[in-house]
There are 2 protein chains.
Amino acid sequence: MTERTDALIVFTPSGKRGRFPLGTPVLTAARSLGVDIDSVCGGRAICGRCQITVGEGEFAKHGITSAVDHLSAFSKVEERYDKLRGLASGRRLSCQTQLLADVVIDVPAESQVHRQVIRKAAEVRDIEMDPATRLYYIEVEQADMHKPSSDLERVYRALAEQWAVRDLTCNLAIIASLQAALKKGEWKITCAVNSRVAGGGKELVAIWPGFHDRIFGLAVDVGSTTVAAHLANLTSGDVVASAGIMNPQIRFGEDLMSRVSYVMMNPGGEKEMTAAIREAMNTLAAQVATQAGIELSDILEIVLVGNPVMHHLFLGIDPTELGGAPFALATGLAITCPARELDLKLNPGAQAYVLPCIAGHVGADAAGVVLSEAPQDSDEIILAVDVGTNAEIILGSKARLLACSSPTGPAFEGAQISCGQRAAPGAIERIRIDPVTLEPRFRVIGSELWSDEPGFDAAVAATGVTGICGSGIIEVIAEMYLAGIINQDGLVDGGMAAVSPRVRAHGRTFTYVVRDGEPLISITQNDVRAIQLAKAALYAGVRLLMDKLGLEQVDRIRLAGAFGSHIDVKYAMILGLIPDCALEHVSSAGNAAGTGARIALLNKGARDEIEAVVRRIEKIETAVEPKFQQHFVEAMAIPHKTAPYVNLSKVVTLPPIKEIQTTDDSGGERRKRRRG
Amino acid sequence: MTERTDALIVFTPSGKRGRFPLGTPVLTAARSLGVDIDSVCGGRAICGRCQITVGEGEFAKHGITSAVDHLSAFSKVEERYDKLRGLASGRRLSCQTQLLADVVIDVPAESQVHRQVIRKAAEVRDIEMDPATRLYYIEVEQADMHKPSSDLERVYRALAEQWAVRDLTCNLAIIASLQAALKKGEWKITCAVNSRVAGGGKELVAIWPGFHDRIFGLAVDVGSTTVAAHLANLTSGDVVASAGIMNPQIRFGEDLMSRVSYVMMNPGGEKEMTAAIREAMNTLAAQVATQAGIELSDILEIVLVGNPVMHHLFLGIDPTELGGAPFALATGLAITCPARELDLKLNPGAQAYVLPCIAGHVGADAAGVVLSEAPQDSDEIILAVDVGTNAEIILGSKARLLACSSPTGPAFEGAQISCGQRAAPGAIERIRIDPVTLEPRFRVIGSELWSDEPGFDAAVAATGVTGICGSGIIEVIAEMYLAGIINQDGLVDGGMAAVSPRVRAHGRTFTYVVRDGEPLISITQNDVRAIQLAKAALYAGVRLLMDKLGLEQVDRIRLAGAFGSHIDVKYAMILGLIPDCALEHVSSAGNAAGTGARIALLNKGARDEIEAVVRRIEKIETAVEPKFQQHFVEAMAIPHKTAPYVNLSKVVTLPPIKEIQTTDDSGGERRKRRRG
């Protein structure tokens with residue numbers, strides 16, 4: 001029997017297999033089979049990205065007779081790598097390991113380019129790594145008078161020959177730094193190539209002398225109030241730092257419309273706001289870089305989402321047209337451009353990507369929600385709602401997807417509520433009202449204690465109890481309804497003043513006092529009306545999209561954004577913010593817009609995907625839909641008249657209602673409903 | 001016989017023909033046949049670019065029976081256009097003229113997109129118009145709440161539907177100005193699209209409200225001493241203004257190598273020089289714009305050529321590596337980038353194109369010469385020489401093309417010559433020496449009179465006679481040779497002092513005095529040596545390339561650049577600057593580098609062409625070629641020992657030589673050759 005000159009190699013988990021001549025490096029075999037093994041140094045035992053293990057237990061399964069010397073012995077080069085950077089027991093560098101006999105090779109997750117980044121429990125799907133920017137370590141031919149050619153041409157040739165990376169463009173900053181880098185790195189440099197720059201081409205965006213393996217990207221959600229950034233490693237996908245910063249545009253106007261007004265009143269005012277937000281972005285980038293202990297020049301990408309007004313202001317576009325009908329965006333298309341054109345001080349070659357906007361009131365943040373929640377991939381009907389000053393509503397499934405924006409106003413954010421405030425320490429966020437005594441117990445942000453627990457006063461001494469935040473308002477109105485303080489029409493029942501001194505006359509209406517003291521925290525009739533208007537707007541928007549799809553209920557509801565993350569979905573249902581849906585299928589999506597930005601940062605295909613999905617989303621403008629008004633009026637009631645199918649008994653255990661006769665101040669009789 | 005419902009239309013000069021339904025607009029018929037008729041407004045009778053005439057005399061030739069009413073009558077719309085902008089007699093707007101019967105239509109040259117721009121007599125070929133930037137007038141759908149979409153998307157749709165222009169990118173500045181332009185233009189705008197931006201895509205680079213039909217481009221030759229710009233209309237190709245400016249880098253060093261030295265001695269000095277040249281470029285652009293009466297924002301393109309050091313400094317690249325072996329360019333590839341990245345204050349969307357460099361000493365200016373002289377298209381062997389501090393030499397034909405640079409030094413520019421000076425008023429540029437009396441007669445720049453003509457002194461009173469410029473030096477040395485003042489080895493014959501007092505002792509050598517007075521203008525032995533060295537270097541470079549091609553002579557010689565334009569080719573031949581070639585095939589190419597820039601400006605295909613040609617040019621580095629030294633030494637003689645075939649009798653009528661015995665200062669005997 002002649003000796004075989006080749007051997008079988010099987011890779012797991014892919015199952016890819018093939019025969020190769022004895023002595024073939026495992027990395028070479030993997031590449032020729034299309035097995036996903038990472039490498040930055042191109043087989044030079046520098047980067048350590050190509051680690052593998054021998055799949056010991058797998059031999060029999062693949063019909064291989066175990067061989068002792070199936071691979072070349074641990075080499076000097078691997079020993080040196082182990083000494084310098086550490087190699088876990090059993091691990092080999094596939095570039096340094098040669099095939100000697102049939103073998104099963106296991107590629108661990110961290111050695112794969114397209115590995116999965118596990119998302120948090122609240123999130124829908126894991127992210128597959130496929131970043132636009134990748135690193136390539138190359139050895140460049142030295143300049144030679146006998147074969148005159150420019151340094152850039154030899155760099156391009158090295159990228160083509162050593163990595164099959166071709167058809168590059170290159171910015172002038174790189175060219176200007178090239179010769180110094182080649183000199184310093186002794187003709188060895190690491191190149192960062194972004195394969196999704198403006199126009200769809202590939203660009204050599206950064207170079208470093210010698211070997212460099214740390215590149216990062218920023219995913220940013222530009223909110224009207226806060227700007228939140230996550231810094232992610234572009235190789236592992238790990239978020240290495242996160243930070244938030246107040247949007248400095250607040251000094252030009254608290255909410256979106258007041259900022260648009262500022263521009264209308266102060267021509268050129270958009271330039272001030274653009275400069276302010278870009279400066280804040282640079283501050284934020286510096287913060288997360290410091291947090292993670294990296295250089296700003298290691299940041300090669302930034303992906304941004306934001307509502308249309310923030311989107312326009314960040315990009316330097318006058319948002320005036322968004323302030324009135326027909327609410328036309330200057331552009332809704334995704335933007336790909338050098339980050340320096342946005343005055344961002346990252347790596348000079350860093351590229352920015354801004355997700356597409358869906359419509360005049362449904363911005364790139366909503367596109368981020370779509371990317372995160374992926375209704376376009378779902379067989380179930382998904383309703384995703386992101387509540388801010390406007391509620392952005394996405395409804396649909398694989399088959400058809402609709403979006404609209406509904407003018408909820410800022411009540412859900414605590415504005416226009418007499419004791420409302422932003423979610424900050426001291427704000428009431430949870431509340432329960434005893435249906436018999438009408439006594440409340442509550443919790444404030446910054447303490448885990450309920451107000452009737454010992455130590456509460458001490459715990460909140462530093463901040464005090466200063467107001468009620470958005471999620472607290474939802475709970476207090478819902479609890480007031482459950483306690484009979486307000487009726488289905490939202491009227492504060494003055495008769496309840498006889499039951500508890502917490503219900504007090506306030507002009508011609510009544511008020512419920514949550515907390516006596518300084519400040520006095522109470523819910524007025526106007527507060528209830530403001531929440532009714534907001535929730536009616538939200539519900540009407542949802543209902544309008546359901547009409548378009550001919551739906552009476554949805555399969556799954558995802559509540560995105562700060563408000564959506566903090567409210568108790570049970571109360572959202574009691575108030576009738578959202579349509580009928582099994583409670584276990586209603587959940588918070590966290591900062592889905594920001595997650596969408598992170599997905600687009602780590603996976604360039606997701607950019608193509610969201611651009612395509614946004615194109616086919618049907619955009620509904622609530623302002624021109626006659627049925628919107630009708631739904632709005634009908635949705636004012638609590639929970640709401642058009643949703644008799646919201647069976648509260650599914651949601652909370654309600655005590656039986658009994659009627660109480662009382663006499664009100666004017667001497668008339670009032671009927672009271674009391675539970676208990 | 002049934003009446004025909006269609007008619008034959010024949011276009012001249014293309015000869016394209018087809019049948020179309022009666023009533024078809026002539027422009028529509030032209031388009032469907034692929035006849036080259038321009039239009040910016042898309043058939044709206046605004047731009048007047050689509051004018052045609054009826055080819056009256058052509059009917060019979062094309063077999064058409066003359067018909068009286070072959071076209072619709074002159075319409076109200078044409079009348080209005082005629083009133084507003086004027087329509088020459090017999091001209092029609094093809095967009096407003098309908099086909100009624102068989103007809104021959106003549107498309108005048110100025111209505112063709114791809115018309116020819118006639119070049120000057122000195123130039124090789126006409127330029128076919130095919131600019132990268134074109135204008136498209138569009139009517140954009142208004143924003144509509146019932147069909148929400150962004151303004152940019154509707155602009156893209158209009159470009160696709162009205163002009164079949166698709167797959168555009170767009171910079172942020174355009175997006176930011178879009179809504180205001182649409183408002184001002186009442187949903188009608190003119191778009192400029194550059195179809196050759198970085199990465200090879202198409203970009204919407206500028207917009208104007210309403211109709212706009214004036215766009216321009218700059219072709220610039222960045223020389224070490226002067227920067228010359230031509231402003232060309234991007235539609236007609238006409239040069240509408242030209243200007244030159246001193247290169248302000250002169251304050252950092254007179255010649256290239258002293259500027260490179262400045263950078264070596266002053267780290268970061270390249271940044272100063274980059275800023276200086278870019279500022280000068282902006283000044284120059286403003287000058288030509290004012291000259292032409294246009295706005296800087298009407299300039300949409302700039303194409304640049306320059307030698308490698310100028311190229312690097314303009315692009316912001318440290319030129320240090322060009323100062324020593326191996327003379328590696330940072331990049332030799334063509335550069336396409338937004339002009340704003342070069343700090344140029346043209347239209348914000350203006351694009352820059354820099355021609356490729358050929359090698360470390362053969363720059364983008366030499367590539368411009370190639371584009372202008374087109375040896376790559378020639379069956380004949382063409383030698384193109386551009387003389388500056390280095391001589392850039394291109395040799396070859398369709399089959400094979402070589403390039404090298406030869407270190408002539410600055411002698412040909414008047415530097416290193418005792419009485420040398422730049423070509424400026426007061427400089428001697430023409431000279432004749434009487435072979436009998438040795439008396440010179442000359443002309444200076446700024447006057448048409450010879451020095452022995454009446455009125456000469458008055459004519460030069462303002463400037464004086466200040467020195468000898470480069471072309472003057474060639475003539476004086478050649479005339480000194482013809483008059484026997486110097487011999488074949490370049491030695492100034494002291495014996496001639498006996499013939500004329502103009503030959504004077506000067507230390508241990510002799511000098512020929514051209515003009516007594518203040519300043520004294522004379523040619524020293526050192527001056528002769530400097531020219532010998534320069535011409536030997538030039539000739540050796542040429543000879544080296546001829547060796548590579550196995551040639552003993554060339555078919556055609558083109559002398560480019562300021563020096564090449566001003567020297568009398570006859571004297572170049574006498575001195576042996578250039579190899580043997582029929583005198584009538586030696587000519588000046590003018591500023592061929594600048595012409596190359598203009599070709600690349602007006603024809604985007606020329607950019608692809610020069611990039612491809614440069615790739616295949618064989619780059620020869622004279623410094624590593626052993627034969628270069630040998631050729632150099634042999635070429636020191638006048639004309640030169642390796643070129644005995646230069647038959648001077650073909651060039652000038654030479655009197656017979658007679659020998660004269662004289663005695664020199666040291667009492668020894670010298671033989672003298674005298675003609676006459």
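**Cavities, a sheet and a covered helix**

Hi everyone, let's start with empty space: the largest cavity holds about 120 Å³. Please keep in mind that this is a predicted model.

Who lines that cavity? Its wall is made by 13 residues, and those nearest the centre are B:Asp38, B:Arg49, B:Arg134, B:Leu234 and B:Thr235. If you sort the lining of the largest cavity by class, you get six nonpolar, three polar and four charged residues.

Now hop over to chain A. The second largest cavity has a space of about 100 Å³. There, A:Asp38, A:Arg49, A:Arg134, A:Leu234 and A:Thr235 lie nearest the centre, and the lining counts 13 residues. Its classes come out as seven nonpolar, two polar and four charged. And how many cavities of 30 Å³ or more are there? The count is eight.

Next, a sheet in chain B. For anyone who would like a refresher, strands of a sheet pair through backbone hydrogen bonds, either parallel or antiparallel. This one is an open sheet of four strands, ordered S8-S10-S11-S9, and the pairing is mixed. Why do S8 and S9 of chain B each have one side without a neighbour in the sheet? Strand S8, residues 133-139, and strand S9, residues 168-170, stand at the edges with a single partner strand each, so one side of each stays free of a neighbour in the sheet. On average, neighbouring strands of this sheet are turned by 40° against each other, ignoring direction.

Let's look at one pair of strands. S10 of chain B, residues 188-194, runs antiparallel to S11 of chain B, residues 202-209, and six bridges join them. If you want a spot to click on, B:Cys191 has B:Ile207 in S11(B) as its bridge partner.

Two helices pack on this sheet. Helix H3 of chain B, residues 151-163, touches S8, S9, S10 and S11 of chain B, and its direction makes about 105° with that of S8(B). Helix H4 of chain B, residues 172-184, touches S9, S10 and S11 of chain B, and its direction makes about 35° with that of S11(B).

One more helix before I stop. Is H7 of chain B, residues 308-315, mostly covered or mostly uncovered? It is mostly covered, with eight of its eight residues buried. That list has B:Pro308, B:Val309, B:Met310, B:His311, B:His312, B:Leu313, B:Phe314 and B:Leu315. Right after H7(B) comes B:Gly316, with a positive phi near 85°.

That's my tour, thanks for listening!

How values were computed. Residues are numbered from 1 along each chain as its sequence is written. Chains are lettered from A and ligands numbered from 1 in the order in which they are written. This is a predicted model: local features need pLDDT of at least 70, side-chain atom pairs count only at pLDDT 80 or more; totals for chains, interfaces and linings use all residues. Side-chain values use heavy atoms; hydrogens and water are left out. On a 1 Å grid over the protein atoms alone, a cavity is a set of points where a 1.4 Å probe fits but cannot get out, and a pocket is an open set with protein on both sides within 12 Å along at least five of seven lines; lining residues have an atom within 4 Å of a point. Grid points are joined across faces, edges and corners, and a volume is the space filled by probe spheres set on the points. Ala, Val, Leu, Ile, Met, Phe, Trp, Tyr, Cys and Pro count as nonpolar, Asp, Glu, Lys and Arg as charged, and the others, Gly among them, as polar. Two strands pair if DSSP finds at least two bridges between them. Axes are lines fitted to C-alpha atoms, for helices over the stretch in contact, and angles run from 0 to 180 degrees between N-to-C directions. Contact means heavy atoms within 4.5 Å. Buried means under 20% relative accessible area, exposed over 50%, partly exposed in between (1.4 Å probe, protein chains only).
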